[in-house]
Every structure is written in C-alpha cells, then in structure tokens.
Amino acid sequence: MKSKKKIEDIPFEEYLRKLENIVQRLEEGELTLDESVKTYEEGMNISKICLEKLNKTKKKIEQLVIEGEEKYSTKPFSEKKGENAINEF
Amino acid sequence: MNNYTESKIYTVSKLNKYIKKIFENDYNLQDIWILGEISNFKLHSSGHMYFVLKDKESQIRCVMFRGNSYTLRFTPVDGMKVKVRGDVSVYEKRGEYQLYVKEIVEAGKGELYLAFEKLKAKLKDEGLFSEEIKKKLPLIPQNIAIITSSTGAAIRDIITISLRRFPNLSILVIPSLVQGISAAQEIAKKIDFLNKHFKDLDFVIIGRGGGSLEELWAFNEEILARSIYESKIPIVSAVGHETDFTISDFVSDLRAPTPSAAAEMTIPDKNNLINNLGLLKSKITRAAKRNFELKTENINSLCRNLKYQGPENKINQYYQYIDEFIARLNSRIKYQVELYEERVKKDTQRLDSLSPWAVIERGYSICRKIDGKEIIKKLEQIEVDTKIEIIISDGKIFSKVEKKEAVSK
C-alpha cells in the first residue's frame, strides 16, 4: 500500500482518513510496543502534514481577463460597485 | 405668455384621479377575464401578491390583495399560464394602470415551463444528470473559480463567506453576463476556457442571484448544460433562490440552493478543521499513552506470574510435599509399631500360660537333684538316698529318696 506519490498529490481527506485510522488502531490497543511507537509517530507526522496543507494556499482574489482564444491575463479583483467588503480580509 | 386659463391647469393627483375614474366607469375594463403567463411573482409578507401577467408581446402589472389571495388553492409560480379575473384601474401614486386581481385559475403550463420540462427530460434520458458521473469536490479546495456577474450580490456573498470560512483561498473571478440572450453561450464558453487553461482548479461555481424565470433562463439552456457536462473540472451550480431549479442544477456536480449556500457547502470551515485535527492528535497521544500503560501493566503482571511460577515457589511446594510425605510416613510407622506391640502382648500372654510356674500353681511340682539341679523324669536317673528338692508353688521341699518303684502305665 506504500505509494510513491508526493505529499502534494495526496488529498487532504486521504491524510485525514489515515489519521482517523491511526486513532482507531491505537485505541484498539492490539499493537505491539514497537508498532504503537511507530504508529504514534506516523500520526503526529500526518497531523503536521494536514496543518501544512491547510496553510499552503495563499489568499488571492483575481479576475480573469480573456483576451482571445488562447490569450488571457489576470488582475486583482475589485467589485465594480466599489464596495470594500472583500478587501477587509 | 400664459395661454391656458386657470381652469385648464390640473395637479398630477387630480389628473390621475380623473383617469382612474375613466377606467372604472368603463365596463369593458371591469370584472374581466385575461389569459396570460405569470412572471416576476412576489408574495409579500403582508399576504398581498404582486406579479406581471404577460403574453409574447405585452405585459401588465397585477396585484392581488390578501382578501382575495387567501382563497387561492395553489401558489402561483413564474411561467404558469393562468386565467385571471379582475378590474383594471390606476395606481394613482405612480400613475400606473394595473390589474386588481380577484381570482386566478390555472390555464395549462407556461411555455417556458414546458420548454424547461422538455429539455430536462431529454438530457435526463441522455444520462447527463446521472449520479454516477458526478465528480466529487475536494475537502480542501485550494483554487476555485467563480463565473458570475462581477456586480451582483452573488459574487460578493460567495467571496465573503468563502474567505470567512477559509481565509487563505485562491479565488479566480470570471465576470460574465448571467442573463439575456447570449448569457448561456458566454458562460459555456468560459467553462470551456477554464478547462483548457486552468486544469488545476478544484471546482467552478457558476451562478447568480434570484430573479424571474426569464432572468434565470440562461441556466436552463442546452448549450450551458452540455458545457457543464463536458467539463473535467467539477461544476457547482448556484442559481437564484432555494425554490428555483434550473437545468444547470441537475447537470452540475453539486447544486447549491443559493450563491451563499454554494460557499457554505464547498468551502470548509478552517477553524473547525484545525480543531478536529487537534482532537485527533490528542486522541492519538492519549491512545498511545494508554497503550504504553497497558504494556507496562502487562509486564508487571507477567513478572508477578513469573515469580509465582518460579523455582522458589516450586521448592517451597516440594518442601511442603516432603513434609506431608514425612508425616504420612510417621503415622504409617506408628501404626506398624502399635500393630507389633499388640502382637507381642498377645504372645506374652500365651507364653505366660505355657510357663512351668503356671502348671505348678495348679498342683504339679518339679523334682530335681540337689547336686547338679537335674530334673528327674525317669527312675533310672536316681538311686535310693539321693538328695532331691521338690519345687512347689510357694517354695521347696528338701528330701531323700527312700524307695524306687516303677509304675506301669
């Protein structure tokens, strides 16, 4: 089951499932001492990855400007009505 | 300069009042039936209903007051073909004539509605709505796009709510027409464009705020439905109000009842996620700790067991066994000794009864030579004058043999 996928390619929910699985395995208490140390460390590592994934994306609000079939550019989005609600964030 | 006489100048309200009177005195405009399609229907909280009645070329504003509307057996909806009974009169405040409706009867379904039903059935048959082809949205979207009007409340609502739930989100806004004759095509083209140039998008929200059936119509057009169906990027349809269902809703991967709801449904609450992670983490720590404690307890109990099973205990057990064995041996020997003692006693008694003294007691006596203490059993052992002693039960008699005489038996 060990996949060679990169961390970025594995979705958050898969890590969350793994984490829940780890909790379950540890709570069942049927692991050997070695296994439970390893599982605990794996759980801590995964929870770190999860947090990193949550914080990975930078806030960005852009507007797409289509200039042709293949051409486009982006510019910061601002509402035409000039309300500032969005920029408060 | 002033060519009008005083009597020819009216105030606006007087004019409207006059026109109103003309309407109300014309019996061709009173208590009449009109056939048309309901549009822009609004039920006010007061219970009054406002809508537009129209056909292909024309329309008239209608109001149905609560006193009349409460008798209705159905809620009118946009696109519904109806027959309406009422009076035409003037709303003086605005100088607008309108139909004061007293009764509404359904007159078959509206044409837009029929078109909607027909396309819906067709696309459904083709499998465009099937649940199996619906794509799943990721739990943590990183990059999302929104195709909608850049001026409406919809875009503001979606962005505001999304960022409130997940502050670090990358949002791409694609402004688009959302109503009018070319809106469907424009949205479709933009979906295609995103599929070509922005393959990494997690999903695209298409939508707009509420409006009449006509205003939402772009989202009921086939060209947009096809584009949504072809899109490799998941599409979220967020059109109008909760009660508005469009073809886009059916073919999209997720239908949100409103644009705000689209944000609520697709963007996770980051704080919640972080709290959950924290909870899982503490669960793991607790479970691991408990595991260690359990293992320690296991070892302790094994140690106790080991001691119990160990040589010390075995030896003690053997000691006890030996002790018991000795005790058994002792009692056995004691019994044996008693048995022998009993036998000796019996034998002694028998011996006693055989002792010569016992015979002497009964009157027998022993006769011995004094010299040599030889017991005399036969005459030949002695001569006359031999000194003898006779032993009896309580002493001895000393005598001398005077005569020998044999006795024949």
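**A pocket and a small sheet in chain B**

The largest pocket holds about 650 Å³ of space. Keep in mind as you explore that this is a predicted model. Besides the pocket, we will visit an open sheet of three strands in chain B.

**The largest pocket**

- Which residues lie closest to the centre of the largest pocket? They are B:Val77, B:Asp78, B:Leu213, B:Thr243 and B:Asp244, out of 24 residues that line the pocket.
- Sorted by class, the lining of the largest pocket is made up of nine nonpolar, nine polar and six charged residues.
- Two elements of chain B, β1 (32–43) and α3 (111–126), each give at least two residues to this lining.
- Helix α3(B) provides the largest share of the lining, with four residues.

**The three-stranded sheet**

- If you trace the open sheet in chain B, you meet its strands in the order β11-β12-β13, and their pairing is antiparallel.
- Why do β11 and β13 of chain B each have one side without a neighbour in the sheet? Strands β11 (366–369) and β13 (395–400) stand at the edges and each have a single partner strand, so one side of each is left free of a neighbour there.
- From one strand to the next, the twist averages 25 degrees.

**A look at one strand pair**

- How many bridges join β11(B) to β12 of chain B? There are four, and β12 covers residues 387–392.
- These two strands, β11(B) and β12(B), run antiparallel.
- To find a spot where they face each other, look for B:Cys367, which stands opposite B:Ile390 in β12(B).

Methods: Residues are numbered from 1 along each chain as its sequence is written. Chains are lettered from A and ligands numbered from 1 in the order in which they are written. This is a predicted model: local features need pLDDT of at least 70, side-chain atom pairs count only at pLDDT 80 or more; totals for chains, interfaces and linings use all residues. Side-chain values use heavy atoms; hydrogens and water are left out. Two strands pair if DSSP finds at least two bridges between them. Axes are lines fitted to C-alpha atoms, for helices over the stretch in contact, and angles run from 0 to 180 degrees between N-to-C directions. On a 1 Å grid over the protein atoms alone, a cavity is a set of points where a 1.4 Å probe fits but cannot get out, and a pocket is an open set with protein on both sides within 12 Å along at least five of seven lines; lining residues have an atom within 4 Å of a point. Grid points are joined across faces, edges and corners, and a volume is the space filled by probe spheres set on the points. Ala, Val, Leu, Ile, Met, Phe, Trp, Tyr, Cys and Pro count as nonpolar, Asp, Glu, Lys and Arg as charged, and the others, Gly among them, as polar.
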